[in-house]
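User: I'd like to go through this model with you and ask how each label was earned. Could you set the values against the cut-offs as we go?

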Amino acid sequence: MKTRITELFGIQHPIIQGGMHFVGLAEMAAAVSNAGGLGIITGLTQGTPEKLKNEIDRCRAMTDKPFGVNLTFLPSVTPPDYPGLVQTIIDSGIKAVETAGNNPAKWLPMLKAANIKVIHKCTSVRHALKAEAIGCDAVSVDGFECGGHPGEDDIPNFILLPRAADELTIPFVASGGMADARSLVASLAMGAEGMNMGTRFIATKEAPVHENVKQAILAASELDTRLVMRPLRNTERVLNNVAVERLIEKEKAMGASLKFEDIAAEVAGVYPRVMIDGAMEAGAWSCGMVAGLVYDIPTVQVLIDRIMSEAHTLISERLARFDAS
Ligand SMILES: Cc1cc2nc3c(=O)[nH]c(=O)nc-3n(C[C@H](O)[C@H](O)[C@H](O)COP(=O)(O)O)c2cc1C
């Protein structure tokens, strides 16, 4: 399938794997790229330029297809070495970067000068328009359903995607709640040129996470995520567990006086414990409502092939039938 997104990134299928902390390692990105999508290494999981370079080298040893790096810009007291990470991306010959979090304007001149295509993830039309205005090549439009940080506007994709299509000139992918061929075809119908998946890719054979994480997603329904950290205006959609329930109780009890320190036990340093050790109750970890649409743990190749073949059938048979009647 050819779209402006497949053309932009030189990939076969319009499917991107979003950056995911402690999931977007070389194994994950290579599996997605080898299956014809765009795999993404998560820069901040590596943390330092040296480790990121090593991860990019490992990924390149596993695939000769294009893959990208996610750079998440977070407000931080001791920020990571962003200049070093950006330079490593450039020096490593990476041609696709997914930015997220704060406005990436500061880094665009360097990235553009190195002929890197930048796709910025945003949760609102106004941020998508800003990304377009500062020179991003594409955007990933992340609806309220998404795992991770849905922003504070709470606009689901059935509204957000057509609104983005009405306003944007650059191509965009639909993100949040994407699981299968129906997600892809619906996204294309609403004006997107592909889709970005997070949670769905964790429940695959190659995802380099503990088996408990995959089983938790498989077992979860669409009712099992919760929004946390809203009082801090840093809302995150996570899978419910005892730590999340404790966190929500604290949020209720403390109201507007809540500070990050009050919930650090439930949110800080959680990812290695969950993703590596499989300690599922260790704290809050991102997961999308789309867990309710995850029924198996296939290889990435099987997943992507299935999505593409069912998408073709959906378009050429189901939709064509309605068109003919
Ligand atoms: C476990 C997990 C970790 C994530 N970590 C990041 C991250 O570090 N940076 C980022 O930009 N997005 C992150 N995301 C968001 C994904 O890239 C993607 O936008 C989101 O998962 C899409 O929603 P979905 O889960 O419904 O597919 C994460 C998502 C999950 C599920």
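User: Happy to start with a strand. What makes E5 largely enclosed by the rest of the structure?

Analyst: Six of the six residues of E5 are buried, so the strand is largely enclosed. Keep in mind that this is a predicted model. Both faces of E5 are covered: Lys 117, Ile 119 and Lys 121 are buried on one side, and Val 118, His 120 and Cys 122 on the other.

User: How do you know that E4 and E5 pair, and in which sense?

Analyst: Pairing needs at least two bridges. Strand E4, residues 96-101, has four bridges with E5, in the parallel sense. Within this pair, Val 97 stands opposite Val 118 of E5. Val 97 also turns up in the largest nonpolar core, among the residues with the most contacts inside it.

User: How many residues does that core have, and which others have the most contacts inside it?

Analyst: The core has 94 residues, and besides Val 97 the list gives Ala 29, Ile 41, Val 139, Val 141, Ile 217 and Ala 284. In soluble globular proteins, nonpolar side chains tend to be buried together. Beyond its sequence neighbours within four places, Ala 29 is in contact with Gln 17, Gly 24, Gly 39, Ile 40, Ile 41, Cys 59 and Phe 67.

User: Why is Phe 172 called buried?

Analyst: The cut-off for buried is 20 or more other C-beta atoms within 10 Å. Phe 172, found in strand E7, has 28 of them, so Phe 172 is buried. Leaving out neighbours within four places in sequence, its contacts are Ala 128, Ala 138, Val 139, Ser 140, Val 141, Ala 164, Ala 192 and Glu 193.

User: And why is His 312 called partly exposed?

Analyst: Exposed means 12 or fewer such atoms, and partly exposed lies between that and the buried cut-off. His 312 has 13 other C-beta atoms within 10 Å, so it counts as partly exposed. Its place is in helix H15, residues 300-324.

User: What puts the buried residues of H7 on the same side of the helix?

Analyst: The buried residues of H7, which runs over 125-134, are Val 125, Ala 128 and Ala 131. They cover an arc of only 115 degrees around the axis, so they sit on the same side of H7. An α-helix has 3.6 residues a turn, so residues three or four places apart point the same way. The face turned away from the buried side carries the exposed residues Arg 126 and Ala 133. Strands E5, E6 and E7 and helix H8 are among what covers the buried residues. Just after H7, Gly 135 has a positive phi of about 105 degrees.

User: Which residues of H9 are buried, and what do they pack against?

Analyst: In H9, residues 181-189, the buried ones are Ser 183, Leu 184, Val 185, Ser 187 and Leu 188. They pack against H8, E7, E8 and H15. Gly 191 follows H9, with a positive phi near 110 degrees.

User: Last one: what makes up the shell around the ligand, by class?

Analyst: Nine residues of the shell are nonpolar, 16 polar and four charged. Gly counts as polar here. In total, 29 residues surround the ligand, and the closest are Gly 18, Ala 100, Gly 147, Gly 198 and Gly 288. E3, E8 and H10 each supply at least two residues of the shell.

Definitions and conventions:
Residues are numbered from 1 along each chain as its sequence is written. This is a predicted model: local features need pLDDT of at least 70, side-chain atom pairs count only at pLDDT 80 or more; totals for chains, interfaces and linings use all residues. The arc is that of the directions from the helix axis to the C-beta atoms. Two residues are in contact if their C-beta atoms, placed from the backbone, lie within 7 Å. A residue is near a molecule or strand if its C-beta atom, placed from the backbone, lies within 6 Å of it. A nonpolar core is a set of buried Ala, Val, Leu, Ile, Met, Phe, Trp, Tyr and Cys residues joined through C-beta atoms within 7 Å.
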